[in-house]
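Subject: Structure for you to look at

Hello,

Here is the structure I said I would pass on. Please open it first, and then read the notes below next to it.

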Amino acid sequence: MMISLLLAAEGLGALGCSLGAGIATIGAAVGIGRIGSSAMDAIARQPEATSKIQTNMILTSAFIEGVALFAVVACAFLI
């Protein structure tokens, strides 16, 4: 009885970690998509500011990727 409860708790823990990693990945994808969309709108409105907008877009995308990678690694260590 006790062993089956421990195995069930371990399985639920793995399920929670995998769901957390998936949600972090989806959140990063949505965030980067919104950054790209906003950057294209800004470039369309002010073409002369393209280099500044692209630099900020890439930097912000890198920060989002870093946070998402940290979340996925944290979930992997919890398994």
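Buried residues make up 15% of the 79 residues in the chain. Please keep in mind that this is a predicted model. The chain exposes about 5,900 Å², and carbon and sulfur atoms supply 74% of that area.

The fold is quick to describe: the chain has two helices and zero strands. Helix α1 covers residues 2-45, and helix α2 covers residues 50-78.

You can check the length of helix α2 yourself. The helix has 29 residues, and at 1.5 Å a residue it should span 42 Å. The C-alpha atoms at its ends are 42 Å apart, so the model agrees with the expected span.

Next, which residues of α2 are buried? They are I53, S61, A68 and C75. For background, an α-helix has 3.6 residues a turn, so residues three or four places apart point the same way.

Two of these residues come with further values. S61 has 15% relative accessibility, and it counts as buried because the cut-off for that is under 20%. Leaving out residues up to four places away in sequence, S61 touches I32 and I35. As for A68, its C-alpha atom is separated from that of I26 by 9.1 Å, although I26 and A68 are 42 residues apart along the chain.

I26 itself sits in helix α1. Its relative accessible area is 57%, and the cut-off for exposed is over 50%, so I26 is exposed. I23 also has its place in helix α1, and at 61% relative accessibility I23 counts as exposed. I23 is part of a nonpolar surface patch of about 430 Å², which it makes with L12, L15 and L19.

Now the cysteines. Is C17 buried or exposed? C17 has a relative accessible area of 10%, so it is buried. C75 counts as buried too, because its relative accessibility is 15%.

Why is there no bond between C17 and C75? A disulfide is a covalent bond between the sulfur atoms of two cysteines. The cysteine sulfur closest to that of C17 is in C75, and it is 5.6 Å away. To count as a disulfide, the two sulfur atoms must be within 2.5 Å, so this pair is too far apart for a bond. Seen from the other side, C75 is in no disulfide, and its nearest cysteine sulfur is that of C17. The count for the model therefore comes to zero disulfides under that 2.5 Å cut-off.

A good place to begin is the pair C17 and C75, with sulfur atoms 5.6 Å apart.

Regards

Conventions:
Residues are numbered from 1 along each chain as its sequence is written. This is a predicted model: local features need pLDDT of at least 70, side-chain atom pairs count only at pLDDT 80 or more; totals for chains, interfaces and linings use all residues. Side-chain values use heavy atoms; hydrogens and water are left out. Helices (H or I, at least four residues) and strands (E, at least two) are DSSP runs, numbered from the N terminus. The expected span of a helix is 1.5 Å times one less than its number of residues. Buried means under 20% relative accessible area, exposed over 50%, partly exposed in between (1.4 Å probe, protein chains only). Accessible areas come from the Shrake-Rupley method with a 1.4 Å probe; for residues, only the protein chains shown count as cover. Patches are made of residues with over 30% relative accessible area and no salt bridge: like charges are joined within 9 Å, nonpolar side chains (Val, Leu, Ile, Met, Phe, Trp, Tyr) within 5 Å. A salt bridge is a side-chain nitrogen of Lys or Arg within 4 Å of a carboxyl oxygen of Asp or Glu. Contact means heavy atoms within 4.5 Å.
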